[in-house]
Amino acid sequence: MDLEVGLVQRSQKGDVDAFNQLVELYQGHVYNLALRMLGSESGAADAAQETFISAFRAIGGFRGGNFRSWLLRIAANACKDMLRAARARPTLSLEALEPDPEATPRSHAESPEEHALRAELIAQIQQGLDALPQDQRLALALVDIQGFSYEDAAGVMGTSVGTVKSRLSRGRARMRDYLRNYPELLPGQLRLDT
Amino acid sequence: MKLTKGISHARWQEDLSAYVDGRLASGRQQALGAHLSECLLCQRELAGLREVVALLRRVPQAPVPRSFTLSQAPARRPWWLGAMLPLRYATAVAAVLLVAVITGDLVIRSTGTGASTLAPAASPSPAAAVVQDAPEKAKGDDNAPDALGATDSAEAVSGPAGFVADLTAVNDDATASSLAVGTPAAGPPGTSLTREAAPSLPETPAAARGPLRWVEAGLAVAVTLLAAATLAQAIARRRGTPRG
């Protein structure tokens, strides 16, 4: 944490090298959040790059606190801007935000068949996420996929813990209903419920 | 629907998500646990939610496709780029005002035209005076109709019928004299207007139209400038976004 504080302070003085160390620390979080929000690798890469450019410009105004939450809030806003732009220009957005079937990394332990099945499941999960309202999608991406606490998620979303709970509850219920449409991909209770 | 201590079944289901994460207040967590022990529906809902959460937690973290480090410090955003949104709003407001003023002008114009055909002419208007001068200038001039035609405001006041009357005046001095003294001239109905009798617009619309035209012109210039500035900003923003 002390290292992070030092890097932030140097970045605030315009030190790009220090800022780049922060980028390397958090680019995985930022990229994966954007990937789940946008559902496309190329869109997520653009959003991540935009996030770090915006963060460098705005870091002078960072007044301490949780830097990761601050950064991910910028990322969430960048994703919302891109989704808004995609809605405004649907012909451009369809191509740019198309899900990439090769986006699922393959584990060494799994066979090609297992990998294909898992990739399909993740694609279905992504489609389920895409069908959620943006705020519910963000809540699920932060808490369930990235493992944030309710408090940290509330910090990123700029809202209260109670609102995070509510968005999670609704988003999870919708995801459960959505995934029941694909029983062949699901293990256990969800398949039994269909 | 089963009720437990006054809490509806639907409310229990809202709590299931937080229950999965152990984020209910302790008393409520215990109460929901007790409810779950006897409610099969909530047990199934809870199992479904747990499975969703387990699935989402299994979504792997994707490796970043490239480094997002910055090769150089991004250029500071020019101050005027921050004015993008206010500029867009200002353009929209100016455009709406322009439409409103033009609409108002058209309404006044149509009202004024209708009134002019009905209103008796009491005194010569400035436009009528222009008409009065025109025959003098046009005498002996082959381009007389052009000279008259240039008096747009006069035509607007007297209309086509008045224009015919003026042409008659140009080609016939006697008729012109009779017009000058207010004698009705021969011709089809509507052409027998004297200059004194030439209808003029009612005072109020005429008075309102002058300033309205200035307002229209001002707003049109404002809208044009604001739209140009917005466009220039949008282009600059697109070109000026640096990549790391």
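# Where chain B meets chain A

About 4200 Å² of area is buried between chain B and chain A, and carbon and sulfur atoms account for 56% of that area. On the chain B side, the residues that lose the most area to chain A are B:Arg23, B:Leu56 and B:Phe68, which together make up 16% of what that side buries. Please keep in mind as you look around that this is a predicted model.

Let us start with who takes part. Chain A brings 48 residues to the contact, and chain B brings 42 residues. Some of the pairs that face each other are polar: 12 residue pairs are in polar contact across the interface of chain B and chain A. Which parts of chain B supply the residues on its side? The elements giving two or more residues there are α1 (9–20), α3 (40–57) and α9 (203–240) of chain B. Of these, α3(B) gives the most, with 11 residues. Sorted by class, the side of chain B that touches chain A holds 20 nonpolar, 13 charged and nine polar residues.

Charged residues bring us to the salt bridges. Three of them are found across the interface of chain B and chain A. To see a salt bridge for yourself, find B:Asp21 and A:Arg172, whose side chains meet at 2.8 Å, N to O.

A:Arg172 is also a good place from which to follow a helix of chain A. A:Arg172 belongs to α9(A), and it takes part in the contact between α9(A) and α1(B). The axes of these two helices come within 9 Å and cross at roughly 105°, so α9(A) is roughly perpendicular to α1(B). On the α9(A) side the contact is made by A:Lys165, A:Leu168, A:Ser169 and A:Arg172, while α1(B) offers B:Glu14, B:Ser17, B:Ala18 and B:Val20. By class, these residues divide into three nonpolar, two polar and three charged.

Now look within chain A, where α9(A) (residues 161–179) has another helix to meet. Its axis and that of α8(A) (residues 150–157) come within 9 Å and cross at roughly 95°, which means α8(A) is roughly perpendicular to α9(A). From α8(A), the contact involves A:Tyr150, A:Glu151, A:Ala153, A:Ala154 and A:Met157. From α9(A), the residues are A:Val161, A:Val164, A:Lys165, A:Arg167, A:Leu168 and, once again, A:Arg172. What classes of residue make up the contact of α8(A) with α9(A)? There are seven nonpolar and four charged residues, and no polar ones.

Terms used
Residues are numbered from 1 along each chain as its sequence is written. Chains are lettered from A and ligands numbered from 1 in the order in which they are written. This is a predicted model: local features need pLDDT of at least 70, side-chain atom pairs count only at pLDDT 80 or more; totals for chains, interfaces and linings use all residues. Side-chain values use heavy atoms; hydrogens and water are left out. Contact means heavy atoms within 4.5 Å. Buried area is the accessible area (1.4 Å probe) that two parts lose on being put together, summed over both. A salt bridge is a side-chain nitrogen of Lys or Arg within 4 Å of a carboxyl oxygen of Asp or Glu. A polar contact is a pair of N or O atoms within 3.5 Å; within protein, one must be able to donate a hydrogen and the other to accept it, and residues adjacent in sequence count only if both atoms are side-chain atoms. Helices (H or I, at least four residues) and strands (E, at least two) are DSSP runs, numbered from the N terminus. Ala, Val, Leu, Ile, Met, Phe, Trp, Tyr, Cys and Pro count as nonpolar, Asp, Glu, Lys and Arg as charged, and the others, Gly among them, as polar. Axes are lines fitted to C-alpha atoms, for helices over the stretch in contact, and angles run from 0 to 180 degrees between N-to-C directions. Angles under 35 degrees count as roughly parallel, over 145 as roughly antiparallel, 65 to 115 as roughly perpendicular and the rest as oblique.
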